[in-house]
Amino acid sequence: MAGANGWATTDDQREVSFEDFADELVVLPDHTTDDTDAGWGERASNNDDRLLADRPPHWD
């Protein structure tokens, strides 16, 4: 409902459309710096070779 001047009288009655910039709107990032080694103050490392070498005997 709009008031006499055409504006909504309260925020509860106001409709906001995000369609124009919905693709650009980032509420929360997909990845934070705490998810990385650098975020924990460590160097980036690749553990794949060690994990492949430590395969259990029954996998061979």
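This short presentation describes the fold, the surface and the side-chain contacts of one chain.

Good morning, colleagues. Please note at the outset that the structure shown is a predicted model.

I begin with the chain as a whole. Its secondary structure consists of 1 helix and 0 strands. Of the 60 residues in the chain, 0% are buried. The exposed area of the chain comes to about 6,300 Å², and carbon and sulfur atoms account for 51% of that area.

I turn next to the surface. A nonpolar patch is formed there by Val 16, Phe 18, Phe 21, Leu 25, Val 27 and Leu 28, which together have about 620 Å² of accessible area. Val 27 may serve as our example from this patch. Val 27 lies in the segment before α1, the helix that covers 48-53. With a relative accessible area of 69%, Val 27 counts as exposed, because the cut-off for that class is over 50%.

The segment before α1 also contains Thr 36. Thr 36 is partly exposed, at 29% relative accessibility. The side chain of Thr 36 comes within reach of the backbone nitrogen of Gly 39, at 3.1 Å.

Finally, I come to the charged side chains. Side chains of opposite charge can pair when their charged atoms come close. How many salt bridges does the structure hold? There is 1 salt bridge, and its partners are Arg 50 and Asp 54. The closest N and O atoms of this pair are 3.1 Å apart. Arg 50 itself is partly exposed, with a relative accessibility of 44%.

That concludes my presentation, and I thank you for your attention.

Notes
Residues numbered from 1 in each chain as written. Predicted model: local features only at pLDDT ≥ 70, side-chain atom pairs only at ≥ 80, totals over all residues. Heavy atoms only, no water. Patch = residues over 30% accessible without salt bridge, like charges linked within 9 Å, V, L, I, M, F, W, Y side chains within 5 Å. Areas by Shrake-Rupley, 256 points an atom, 1.4 Å probe, with all protein chains shown as cover. Salt bridge = Lys/Arg side-chain N within 4 Å of Asp/Glu carboxyl O. Helix = DSSP H or I, 4+ residues; strand = E, 2+ residues; numbered from the N terminus. Buried < 20%, exposed > 50% of the residue type's maximum accessible area, 1.4 Å probe, protein only. Polar contact = N/O pair within 3.5 Å; in protein donor to acceptor, adjacent residues only side chain to side chain.
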